[in-house]
Amino acid sequence: MNKQAPHGFSLVELMVGLTLSLVVVLGLFALYRNATRTTFGPGGAAPSAELDAQLNNGLLAAQLSLQGAGFGIASASSANHLLLVRDASMAVSNNQMTVASGSTVAIGVVAAAGNALLWQSNPLQASASSAYVCQGLYVNRKTHAVYRLERPSCSNLAAQWSGGQWTANTLIAPNLLDASQALSITVGNAASCWPFGASANASGLATVGKVQVILSYGNSTRDSANSYAICLPNFAS
Amino acid sequence: MRPTTPPFPSRQKGIAAVLTVLLVGMSLSAVVFNAMNKVGGAQEAAQTLHAVTQAQVKAWNGAEWVRQYLLGVGAAEAKKLQPGSTFTFGGSAASGVSAQVVSAVADASGSTLTVNVAASSGGAVSTVQLVYRVEGGAAGGGGTSGPDQVITLSKDLNLSGSVTVNGGKNAVFNVKGNVTLTGSVAGIETVNATGKVTAGGSQAIQTINANDDVSLSNGSYGTVNTLGNVTTSGGTTVVVINANKAVTFAGSSATTINAIGNVTISNGGSKVANVNTQGSLLTKTSSPIASLLAQGNLTVDGWGGPIQGKVGGTASYNASNKDIKVSVVPGLKVPITPVSAVTVTQTKVDAYDYRSAANYAFDFDAQNRIVVTVNNVASIPNGTYFLGSTVLNGSTVYNYLCTAVDGSGRCTATPVAKICQGYSDQNNCFAGSSKDNWLLNGTTLAPGVVWFKGKLTAGNGIYYNSFIASGDIETSGSHSTTAVNYAGYAKICQNGTFSGLYPSNFCDLSAGKLTPSPAGNIAFLAGGYVNGVFSGGQIKLGASNAVYGSVLAGDTLTTSGSTTIHGYITVANQGRGTSNNWGNSTTINLSNLPSTFTPGDTSTTPSSGGATTVRVLWTRYL
């Protein structure tokens, strides 16, 4: 009787097979761990991409809305129609925000920083100030989220800003930026400015803005410091 | 041989490892796809930002091109721009940039244009909305072809005296506010009021346009257009009434009443021939109504008169009156075009706008000396001079310009020119004047536009000047003022009293004619803004004073006794007063005006070159 060749693996074969697959699986796990870490880990591709995307879109939205500050108000001035607030803190309920604390900062030649900037405008160019609207940017100091605020029928910004409710839109989500990247708002009276410097100021005929807003922030690149200068030509002083 | 089934371990052949590899591989793919997605999103955001920024730069460039364009064409051309007008830009830098006027509001001193400038780049579009203010550069002279806007008041008018216009073409009386006429007006074709009109006098007015109720108790009127109600009583006769609200007619007669509201003919003797209403008609009249169209009901109170027409609602009348032939047409629609609102432009009167247009600007300096800034006067170099006295043939003579004076106002340098003729050479034209309070008396002043800081009391004398004062202006005594454009070439450019002294900007010696300029149409202009606060502006014209030229009062105009003004009247009511109360008779004589005089053109002229200024009032992104 033929002795049948034994089926199955010898112990050696089994050991070699197991070792090989172990190496392969271990290598694969290492690759997986690295891939997930570089993608989703701190400073990874995905959060960085999201952060940069939100900064791009959020700051663009902020700029578009900020440019209308003072629109339609005869002799709008930074003293009366623009308000920089330091240490502002707002309580949120749904998308309504109310000011909990904060102190206003005078806007002068020396630029001052704050975490909320509020302004008035008259988009309908109505004659009555009751048609004015107030808008603003607010940076939460804890979560570093950035919000755009708005409220209608806002005839007196200085008197009304701290009371009542603001409707808020989130421009940059909470806890996306860390403390070093947080947006800070700096406002100062410029000698003269114009968006993108496009006005032939030399002819002395163009009205030039006297308020410059600088939005400083860090993006996904470590220790980066960027700033976004916006000239508000609607303010003659 | 039966196929052998391998024993258990062999059957698996490392499936666990394969499965692990597969699962991990799939997770890895998911991770990578997720990362790709996010990075792709971020790239798109960055690209969008880039494209938007490019578009914004282009749009702001476009905004500047529009400004340059407006600057180039000047204020007069800019006034012609209408909503919908587009600007086209040439050159490769301008590709993708377009601009369109969305609103244009023109007023006396310029125009306010709202322009949307849109620019596209890489699929992104940025639209900047700008509000431009274009001023200045008004052309001198040039007759206006429209109706004579003879009187413009910026607040309510209570007229208990009379206003008569002679020789005006389609004279228009504009009031920003309510008009109450208990006196009379004559020669005025149209009264425009942004408020109510109440007329009790016995006047004839062709057209009344009002934005609020009109109440007429006397007089005869052509067309009455109002956004409000109309009430008539007494002997009022009207040809056509167009009202957006109700009409209550108790006057004498009307040919046609068109009302969106109800119509009530409350007087049995009122004669109304045609009634068209989207409301109901209640009538008490026994006079015939030849044509009635009413969307609502007809109610005849009493016997009534003959009525023919149609009603949409019910008709209730004494059925025995066979002269009432009214058919009921359910759902009847009566088309009535609503009256549109009248607008009265608020004129801004600010003497400081005209300072640079003045040939002689008078002020006091800190040492209480009279300082005269001379501009565009032949024989006198432009500059600032003192007004002082000098000694001629042993006697002290006054009214000389010189470059230096001593403490008592005597010229210490050779006088440059004499600019005023007192009663005699030895009389000072400005005797008694003090800072911000000018007294002018004498024979005449060097011709041209003169500007005073403060109040001017112009007394005796015959003047060929345009007087502009930042305070009030009063005239008294035997006074006559003729505005520069009205006076004409001979009086202004060839005057004998001040030989060689003529306002060079008004005189074209080679052509031998006067070159009019808007400031030269003014006889008196008073009131000015200092730091945004208005002061002065009250013009008081003395009895029987003759005024040849237009009168612009920043605050109020008061006439005493009969006053004749050969020009337009503008009262801007920029002061505190709430209404204009005119109790005296004022005559506006627009007959035989010289060709160089354009009473309505009193816009500010820049001192030199007629430069247009274009300011950007506001900007925003849309």
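Biologist: What percentage of the residues in chain A are buried?
Modeller: In this predicted model, buried residues account for 37% of the 237 residues in chain A.

Biologist: How many helices and strands does chain A have?
Modeller: Chain A contains four helices and ten strands. Along the sequence, their pattern is α-α-α-β-β-β-β-β-β-α-β-β-β-β.

Biologist: And of the contacts between residues at least 6 apart in sequence, what percentage join residues at least 24 apart?
Modeller: In chain A, 58% of those contacts join residues at least 24 apart.

Biologist: Turning to the two chains, how many residues does each give to the contact?
Modeller: Chain B contributes 39 residues and chain A contributes 39 residues.

Biologist: Which elements of chain B give two or more residues to the side that touches chain A?
Modeller: They are helix H1 (8-12), helix H2 (15-78) and strand S55 (612-621) of chain B. The largest share of that side, 26 residues, belongs to H2(B).

Biologist: How does that side divide into nonpolar, polar and charged residues?
Modeller: The side of chain B that touches chain A has 24 nonpolar, ten polar and five charged residues.

Biologist: At what angle do the axes of H1(A) and H2(B) cross?
Modeller: The axes of H1(A), residues 11-40, and H2(B) cross at roughly 15° and come within 10 Å. An angle under 35 degrees counts as roughly parallel, so H1(A) is roughly parallel to H2(B).

Biologist: Is the crossing of H1(A) and H2(B) left-handed or right-handed?
Modeller: The crossing of H1(A) and H2(B) is left-handed.

Biologist: Which residues make that contact?
Modeller: From H1(A), the residues include Val24(A), Val25(A), Leu28(A), Phe29(A) and Tyr32(A). Among those from H2(B) are Val21(B), Val24(B), Leu28(B), Val31(B) and Asn34(B). By class, the contact of H1(A) with H2(B) comprises 14 nonpolar, six polar and no charged residues.

Biologist: A change of topic: which residues of helix H3 of chain B are buried?
Modeller: In H3(B), residues 484-493, the buried ones are Val484(B), Asn485(B), Tyr486(B), Ala487(B), Ile492(B) and Cys493(B).

Biologist: Why are they on the same side of H3(B)?
Modeller: The buried residues lie on the same side of H3(B) because they cover an arc of only 160° around the axis.

Biologist: What covers the buried residues of H3(B)?
Modeller: The cover includes six elements of chain B: strand S36 (448-452), strand S39 (465-469), strand S41 (479-482), strand S42 (507-508), strand S43 (513-514) and strand S48 (546-548).

Notes. Residues numbered from 1 in each chain as written. Chains lettered and ligands numbered in written order. Predicted model: local features only at pLDDT ≥ 70, side-chain atom pairs only at ≥ 80, totals over all residues. Contact = placed C-beta atoms within 7 Å. Nonpolar A, V, L, I, M, F, W, Y, C, P; charged D, E, K, R; others polar. Axes fitted to C-alpha atoms, helices over the stretch in contact; angles between N-to-C directions. Parallel < 35°, antiparallel > 145°, perpendicular 65-115°, else oblique. Left-handed = near helix turned anticlockwise from the far one by under 90°. Buried ≥ 20, exposed ≤ 12 C-beta atoms within 10 Å, placed from the backbone. Arc of directions from axis to C-beta.
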